[in-house]
Amino acid sequence: MDKNENKKNMPDFKNPQQPKRNKWRWVYYVILFGALGYFLFYSPGKDKAMNKELSYTQFTAYVENDAIKSISVNTNCKVEATVQPASYVVVFGTRESGEKAKGLLQTQVPSVEEFAKWITEQNTARQEKGLSAIDVTYTDSHNIWYLLLVNVAPFLLLILFFMWMGRGAAGMAGGIFGVGKAKAQLFDKDKKDKVTFKDVAGLEGAKEEVQEIVSFLKNPKKYTVLGGKIPKGALLVGPPGTGKTLLAKAVAGEADVPFFSMSGSDFVEMFVGVGASRVRDLFRQAKEKAPSIIFIDEIDAVGRARGKSMMTGGNDERESTLNQLLTEMDGFDTNSGVIILAATNRADVLDSALLRAGRFDRQIHVELPDLKERQEIFNVHLKPLKIDKTVDVNFLSKQTPGFSGADIANVCNEAALIAARNEHKKVGKQDFMDAVDRIIGGLERKTKIMTAEEKKSIAFHEAGHATVSWLLRWGNPLVKVTIVPRGMALGAAWYLPEERQLTNKEHLLDEMCSLLGGRAAEQVFLEQTSTGALNDLERATKQAYAMVAYYGMSDQLKDICFYDSTGRSEYSLQKPYSEKTAEAIDKETQNLINEQMQRAKDILMQNKEGHNALAQLLIEKEVITSDDVERILGPRPWKSRGDEIMEANGGSDHTDKNDNENTNNNEENSATDSPDSNNDAIGATITTITD
């Protein structure tokens, strides 16, 4: 690869928008602190310890003994004199060296006029003796600049110092006068790298609804001519990573109107009333630039249901902020021309007044992408990568059911990192499989050491999962089985979960039986139980409880549901059923577990040889695929749901070559799966044996 080309493809870690720091700014700090220290710890009066304070009589003795070289007199009658070197003075009959007075001699004279007359007489007498006159200067002690420098400068430096110390905190809080101002970011419509609807793959239904908002802002007459009104607000609801914020960015990039973006947590601060003030300021700014759009991300931080908690303080502040938000969205003074967009993954905890028509007229559900949408998302994230011909978008989308758009982006990035780590020139199919393996199962623990007995126990456990699930009609298609420690798991059976629209009782029972296959194998073949089945038992128990208490699939409690769809069951004072019913639920749950455990044991006993062969192969190879299972147990007689759908659509299992075109290297991906596609597939459901 050309070095220039490699350098071109390197990511730019520098932020061009970040202001450059002055490399000489440390000099300013040194000068500031030096000046501050000088005025705080030094003044002319500080040198008094180095000067000698004399009485007026002593001072006149110095002058009369010719020990003074020069004199300075100020208007405050303060006299300072410089001593002649190697001079001696007789004071009160005692002879002493003038050099004992280091620096200056200081005294206070009764009057400047009298001292001036006296020193003139002394200079006249000195000249008669042939001596040089003493140099005398008169200064004004009331110099305004000197007084300002000595008395005001220290306080000014202190003020500047504290302003500099508080600049960081003031910047974060917007300053003491800006604490109630909204910290919304105004989107720059002329930004070069802005996101548009073309950058949003999948989400066709959600895109159609938000595009209508943009269309109204660009051409309102199209809707108002028939008397229609655009919704005042739209709430984007969906799991994390599905693209809610990305849709909002696309709206900002497409709409030719001001776009204000703010997080729900930005409204509430430690000061009382700040949240409500910021709400008012945000809508004031939006109304001034109407028509405009306000986007509030993670609105559940401020929009939680009111009156459901006994807490006060911060909870009251949040509720007052919510009340102000409700008023601004649809109160007495309606904000015409302002459209509200918000996003959350916790719509169940939002206040009902916030969700009513007139505020958020629409709830746009942004769900996890299906097979076709995952293909589109992969095509977007594969564009910047250099991939080889083994990579098939159709194959990758099949192996990632339940993945969100953020998960798919992470898979593509991890695959590129793995390829670079292995010094591959291009990202291949196996790199993507390793990336999915890494994301779902965790990092492979190569340093984990197991004894032969532990390895055998894990192999029999995982072979039990593989055998039971392979021989059940509604079990998820097996992908591979491994006893290589990864993440928190010592071993795992990987499945490709069926994306069903409806799930019946037979589906749930088969899945539960597959989950219990590992524990059943331990009891049947090893005559022991281990802690490795913790994850399996937890999932099987929850599924059995859901079948009894939620889905009405119990023999004793038919067609009864105790599920609370509001999501606020924590506020209920009591259970919605009696203690007798609770005992019945527990009993029915236990019966389901016992029945499926016995069913799993029966399947394993009927296929003892096949199970043991799988376990032995696992011990030898550590990883086996669906081909190995099919060779030992035989082919499954049932088709997967995905195969049935493909057959119903004409049997085409290929991806359009145009969808797989890589814009980086202008190469086409393979239009068909590789022969070992099913062997390397990685599913989103794992049955593990944990530490």
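In which helix is Glu 462 found? Glu 462 sits in helix H17, which spans residues 452–470; helices here are DSSP runs of H or I with at least four residues, strands are E runs of at least two, and both are numbered from the N terminus. This is a predicted model, in which local features need pLDDT of at least 70 and side-chain atom pairs count only at pLDDT 80 or more, while totals for chains, interfaces and linings use all residues. Residues are numbered from 1 along each chain as its sequence is written, and side-chain values use heavy atoms, with hydrogens and water left out.

**Buried residues and contacts across the chain**

- Glu 462 counts as buried because its relative accessibility is 0% (buried means under 20% relative accessible area, exposed over 50%, and partly exposed in between, with a 1.4 Å probe and protein chains only).
- The C-alpha atom of Glu 462 is 7.6 Å from that of Ile 483, although the two residues are 21 apart along the chain.
- His 507 lies in helix H18 and is buried, with a relative accessible area of 7%.
- Between His 507 and Gly 475 the C-alpha separation is 7.3 Å, with their positions 32 residues apart along the chain.

**Helix packing: H18 against H21**

- Two packed helices are described by the angle between their axes and the distance between the axes.
- Helix H18 (residues 505–515) and helix H21 (residues 579–606) have axes that come within 9 Å and cross at roughly 65°; axes are lines fitted to C-alpha atoms, for helices over the stretch in contact, and angles run from 0 to 180 degrees between N-to-C directions.
- H18 and H21 are therefore roughly perpendicular to each other (the class covers 65 to 115 degrees, with under 35 roughly parallel, over 145 roughly antiparallel and the rest oblique).
- The crossing of H18 past H21 is right-handed, meaning that the near helix is turned clockwise from the far one by less than a right angle, whereas an anticlockwise turn would be left-handed.

**Salt bridges**

- Side chains of opposite charge can pair when their charged atoms come close.
- Searching the whole structure gives 15 salt bridges, each defined as a side-chain nitrogen of Lys or Arg within 4 Å of a carboxyl oxygen of Asp or Glu.
- Lys 207 pairs with Glu 204, and their closest N and O atoms are 3.8 Å apart.
- These two partners, Lys 207 and Glu 204, are 3 residues apart in helix H7, so about one helical turn separates them.
- Lys 207 is buried at 10% relative accessible area, while Glu 204 is partly exposed at 43%.
- Asp 348 and Arg 346 also meet through their side chains, at 3.3 Å from N to O.
- Both ends of that pair are partly exposed: Asp 348 has a relative accessible area of 30%, and Arg 346 has 33%.
- In another bridge, the closest N and O atoms of Lys 372 and Glu 376 are 2.9 Å apart.
- Lys 372 and Glu 376 are 4 residues apart in helix H13 (residues 371–382), so they too are separated by about one helical turn.
- Lys 372 counts as exposed at 55% relative accessibility, whereas Glu 376 is partly exposed at 22%.
- Glu 209, Glu 212 and Arg 362 are joined into one network by salt bridges that share partners.

**Backbone features to look at**

- Most residues other than glycine have a negative phi, and most peptide bonds are trans.
- Ala 290 and Pro 291 are joined by a cis peptide bond, with omega at about 0°.
- Pro 291 belongs to the loop between helix H10 (274–288) and strand E11 (292–297).
- Leu 203 has a positive phi, near 50°, and its loop runs between strand E8 (185–186) and helix H7 (204–218).
- With 10% relative accessibility, Leu 203 counts as buried.
- Glu 527 has a positive phi as well, near 50°, in the loop between helix H19 (517–526) and helix H20 (534–549).
- Glu 527 is exposed, at 72% relative accessible area.

**A nonpolar surface patch**

- Val 152, Leu 156 and Ile 159 form a nonpolar patch on the surface, and together they have about 250 Å² of accessible area.
- Patches are made of residues with over 30% relative accessible area and no salt bridge, joining like charges within 9 Å and nonpolar side chains (Val, Leu, Ile, Met, Phe, Trp, Tyr) within 5 Å.
- Accessible areas come from the Shrake-Rupley method with a 1.4 Å probe, and for residues only the protein chains shown count as cover.
- Val 152 lies in helix H5 (residues 144–165) and is partly exposed, at 33% relative accessibility.
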